[in-house]
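This report looks at how two protein chains meet two DNA strands. It then turns to a pair of arginines in one chain.

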2 protein chains.
Amino acid sequence: MSRRPTIVDVARAAGVSKSTVSNVLQNSPLVKPATRKLVEQAMGDLGYVYNRSAANLRGGDIGLIGLVINDLRNPFFTEFAASAQMTFAERGYATVIANTDEKPEIQAQVIASMIEHGVSGFLISPDYVPEEEGLETIRRAGIPAMQVLRRIDPRTDVFPFASLDYATGGRLAAEHLLGLGLRRIAFVGGLANRPVTEERMSGYRAAMAEAGLDTAAFHGRPSRAFGRDMALALRARHPEIEGAICFSDLVALGMLAGFAEAGTRVGTDFRLVGFDDIEECALTWPRLSSVRCDVARFGRESAEAMLAWLEEGRQPPPMRRAPVELVARHSSLGVPG
Amino acid sequence: MSRRPTIVDVARAAGVSKSTVSNVLQNSPLVKPATRKLVEQAMGDLGYVYNRSAANLRGGDIGLIGLVINDLRNPFFTEFAASAQMTFAERGYATVIANTDEKPEIQAQVIASMIEHGVSGFLISPDYVPEEEGLETIRRAGIPAMQVLRRIDPRTDVFPFASLDYATGGRLAAEHLLGLGLRRIAFVGGLANRPVTEERMSGYRAAMAEAGLDTAAFHGRPSRAFGRDMALALRARHPEIEGAICFSDLVALGMLAGFAEAGTRVGTDFRLVGFDDIEECALTWPRLSSVRCDVARFGRESAEAMLAWLEEGRQPPPMRRAPVELVARHSSLGVPG
DNA sequence: CTGAAAGCGCTTACAG
DNA sequence: CTGAAAGCGCTTACAG
């Protein structure tokens with residue numbers, strides 16, 4: 001494979017100087033249309049490829065964004081990552097993406113690697129590791145970074161935080177079930193003492209307290225497997241519980257499967273509300289009620305906020321909460337007819 | 001934000017030349033341990049960050065892999081992408097990832113962008129667009145590239161192809177249902193005439209022909225929604241069909257929901273086999289039988305093949321088919337007890 | 001409007 | 001074992 005042509009080769013072929021070729025590349029209005037044509041022709045003939053590393057070296061922006069995700073296999077985060085990446089691509093940015101699998105060592109390593117690669121900005125859905133140094137490496141490198149969905153670093157003036165209004169979501173779900181006449185409502189799934197779990201539970205706790213009712217929480221990994229196991233456990237050991245708000249749809253979908261196995265009719269014998277409203281909720285039987293977070297929109301908006309910061313210097317507000325809404329379906333209302 | 005320190009700053013602080021700093025960076029055995037110590041100390045003090053763009057310019061490899069995926073939201077491809085990315089990360093490579101959403105224009109654009117960013121290799125699960133120029137842009141740039149899961153470019157000597165043994169998978173599924181005594185078995189989902197659909201169907205067709213039976217295919221998007229609709233349609237209009245092999249688990253999961261809605265007991269009234277064996281299959285009720293593709297392993301192996309090519313010059317074979325196996329569960333065997 | 005020159009941060013022979 | 005020098009492909013003032 002012979003070496004790739006450079007702007008010098010293009011310049012020679014077009015009979016101009018390499019500065020002129022560079023000006024064409026920059027879309028400089030200085031270049032005469034005829035000259036531009038000539039240069040573009042030469043580029044096509046030679047199969048010229050722009051070398052961003054070289055351009056970057058001289059000063060500019062490399063047009064690369066770092067996207068760090070704690071769990072890329074979880075459809076909630078997949079949707080977020082895919083939406084953000086597509087938004088960046090539309091605006092001419094490439095995205096380096098890494099799945100940290102909730103492991104702080106991997107997170108630290110990929111952040112270091114992305115800094116070396118010269119990313120212009122970071123969008124990070126971090127793991128939870130309060131004891132580590134947070135995003136200090138990024139601050140030292142002076143790279144704009146937003147923390148989304150989870151706040152790992154308290155310095156939101158440096159690392160703006162954006163998430164969804166989980167507290168309101170928990171309240172909406174609880175008020176919905178209370179409005180249907182339920183009294184014994186549990187919260188299922190989510191690891192105890194994690195901020196997101198606390199947020200999602202807080203609205204539930206508040207609504208239950210206002211109704212003068214006790215709460216009950218069954219914590220665990222936000223997975224289908226945990227949901228399935230909990231559905232079976234609730235039937236066996238807590239038959240008094242009439243309904244549940246789940247930490248996430250994955251838990252709720254697991255519970256749906258568990259109740260099917262136990263022969264419990266969801267929506268009638270037991271009322272269930274998920275959290276996130278992933279696509280699958282509208283496709284199960286019975287359909288799953290959920291708190292809609294519209295993470296696709298959230299991913300797009302987060303990417304746009306990042307781009308506004310990079311391109312126009314508009315730093316996002318320290319704290320943003322995107323609105324959520326309740327979508328009631330069969331699993332809480334019952335199957336009609 | 002003051003400018004980042006360079007090797008010259010480190011050299012000055014450590015009292016050595018910048019060549020020596022570079023040698024430390026390269027882990028050259030030439031450097032005396034004491035000198036190395038001195039340099040590393042200075043790096044730490046200054047918060048030095050290696051600039052890969054500059055290094056790349058001089059010749060070397062930038063340590064960046066381009067991962068191009070046709071549908072990042074589909075859990076099958078998410079799993080593939082996540083496994084490949086994690087494997088690359090373990091070996092010190094960063095991954096630029098892009099979701100093309102099955103759109104050829106986006107695919108062409110992201111490939112061009114990745115070439116500009118200097119990726120060392122490509123792993124591509126492409127869209128299907130026979131009429132375009134395939135991967136010619138990449139060939140011209142002289143970058144090693146593997147096509148996985150779908151073959152868009154016929155030049156497998158240039159772009160090695162790796163996929164799963166779908167034909168055998170289809171045969172195993174058909175033979176399984178035939179062995180249970182079924183005669184009227186349909187194939188559901190998958191767009192007609194797509195290579196993957198043809199491959200997955202071919203084994204089914206062969207097994208049915210050997211048994212002297214007719215085939216029936218109901219093509220459509222490989223989505224939950226299509227599966228749900230087809231389950232309802234089959235019950236209403238094709239009650240003679242006793243079982244189905246689905247193009248993918250998403251279709252099968254949709255059918256599971258549709259049958260639940262229709263009151264059909266899967267595993268007894270109707271027997272169902274999915275394809276891919278995503279995690280969810282073992283967590284539904286009834287549990288879904290499926291053709292296990294182990295895409296996590298396939299992702300890892302594909303990444304390793306790419307790395308062997310890049311690092312040791314071992315080009316992968318033109319064509320590779322990873323083995324698959326049938327996992328029989330409730331949806332075809334019935335729920336025990 | 002176009003060209004000659006310096007320089008971005010690194011690596012790579014080559015002297016010493 | 002360490003240092004001085006050239007050069008990777010581009011951009012950016014600055015002359016012309």
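A polar contact is a pair of N or O atoms within 3.5 Å. By that cut-off, Ser22(A) reaches DNA strand D: a polar side-chain atom of Ser22(A) lies 2.5 Å from a phosphate oxygen of the strand. The model is a predicted one.

**The two copies**

Chain B can be laid on chain A by a turn of 180° and a shift of 0.0 Å along the axis, with an RMSD of 0.1 Å. The two copies are thus related as by a two-fold rotation axis. The same surface serves both: 100% of the contact residues of chain B recur in chain A.

**DNA strand D**

DNA strand D has 25 residues around it. Nearest come Lys18(A), Gln26(A), Tyr48(A), Thr35(B) and Arg58(B). Sugar or phosphate supplies 61% of the strand D atoms within 4 Å of the protein, and bases supply the rest. By class, the nearby surface holds eleven nonpolar, nine polar and five charged residues. Three elements each give at least two residues to that surface: H2 and helix H4 (52-57) of chain A, and H2 of chain B.

Backbone atoms also take part. A polar backbone atom of Ser17(B) is 2.8 Å from a phosphate oxygen of DNA strand D. For Asn51(A), a polar backbone atom is 3.4 Å from a phosphate oxygen of the strand.

**DNA strand C**

Which residues are closest to DNA strand C? They are Ser19(A), Thr35(A), Lys18(B), Gln26(B) and Tyr48(B), out of 25 that surround the strand. Sugar and phosphate account for 61% of the strand C atoms that come within 4 Å of the protein. The surface near DNA strand C has eleven nonpolar, nine polar and five charged residues.

Bases are contacted here. An N or O atom in the side chain of Ser19(A) is 2.4 Å from a base nitrogen of DNA strand C. Lys18(B) also places a polar side-chain atom 2.4 Å from a base nitrogen of the strand. Ser22(B) goes to the backbone of the DNA instead, with a polar side-chain atom 2.5 Å from a phosphate oxygen of DNA strand C. Helix H2 (18-25) of chain A, with helix H2 (18-25) and helix H4 (52-57) of chain B, are the elements that give two or more residues to this surface.

The side-chain contacts described above are listed here.

| Residue | DNA atom | Distance |
|---|---|---|
| Ser19(A) | base nitrogen, DNA strand C | 2.4 Å |
| Lys18(B) | base nitrogen, DNA strand C | 2.4 Å |
| Ser22(B) | phosphate oxygen, DNA strand C | 2.5 Å |
| Ser22(A) | phosphate oxygen, DNA strand D | 2.5 Å |

**Domains and two arginines of chain A**

Chain A is divided into domain 1 (7-50), domain 2 (64-159) and domain 3 (166-293 + 326-333). The C-alpha centres of domain 1 and domain 2 of chain A lie 37 Å apart.

Is Arg329(A) buried or exposed? Arg329(A) counts as buried, because its relative accessibility is 14% and the limit for buried is under 20%. Arg329(A) sits in the loop between strand S12 (325-327) and helix H13 (330-333). Beyond four places in sequence, Arg329(A) touches residues including Asp277(A), Cys281(A), Arg287(A), Arg292(A) and Gly334(A).

Arg151(A) is partly exposed, at 38% relative accessible area. Arg151(A) is found in the loop between strand S4 (145-148) and strand S5 (161-164). Outside its neighbours within four places in sequence, Arg151(A) is in contact with Thr156(A), Phe161(A) and Met319(A). The C-alpha atoms of Arg151(A) and Ala328(A) are separated by 29 Å, with their positions 177 residues apart along the chain.

Notes:
Residues are numbered from 1 along each chain as its sequence is written. Chains are lettered from A and ligands numbered from 1 in the order in which they are written. This is a predicted model: local features need pLDDT of at least 70, side-chain atom pairs count only at pLDDT 80 or more; totals for chains, interfaces and linings use all residues. Side-chain values use heavy atoms; hydrogens and water are left out. Helices (H or I, at least four residues) and strands (E, at least two) are DSSP runs, numbered from the N terminus. Buried means under 20% relative accessible area, exposed over 50%, partly exposed in between (1.4 Å probe, protein chains only). Contact means heavy atoms within 4.5 Å. Domain bounds come from an automatic or database domain assignment. A residue is near a molecule or strand if one of its heavy atoms lies within 4 Å of it. A polar contact is a pair of N or O atoms within 3.5 Å; within protein, one must be able to donate a hydrogen and the other to accept it, and residues adjacent in sequence count only if both atoms are side-chain atoms. Ala, Val, Leu, Ile, Met, Phe, Trp, Tyr, Cys and Pro count as nonpolar, Asp, Glu, Lys and Arg as charged, and the others, Gly among them, as polar. Copies are superposed by least squares on the C-alpha atoms of residues with pLDDT of at least 70 in both.
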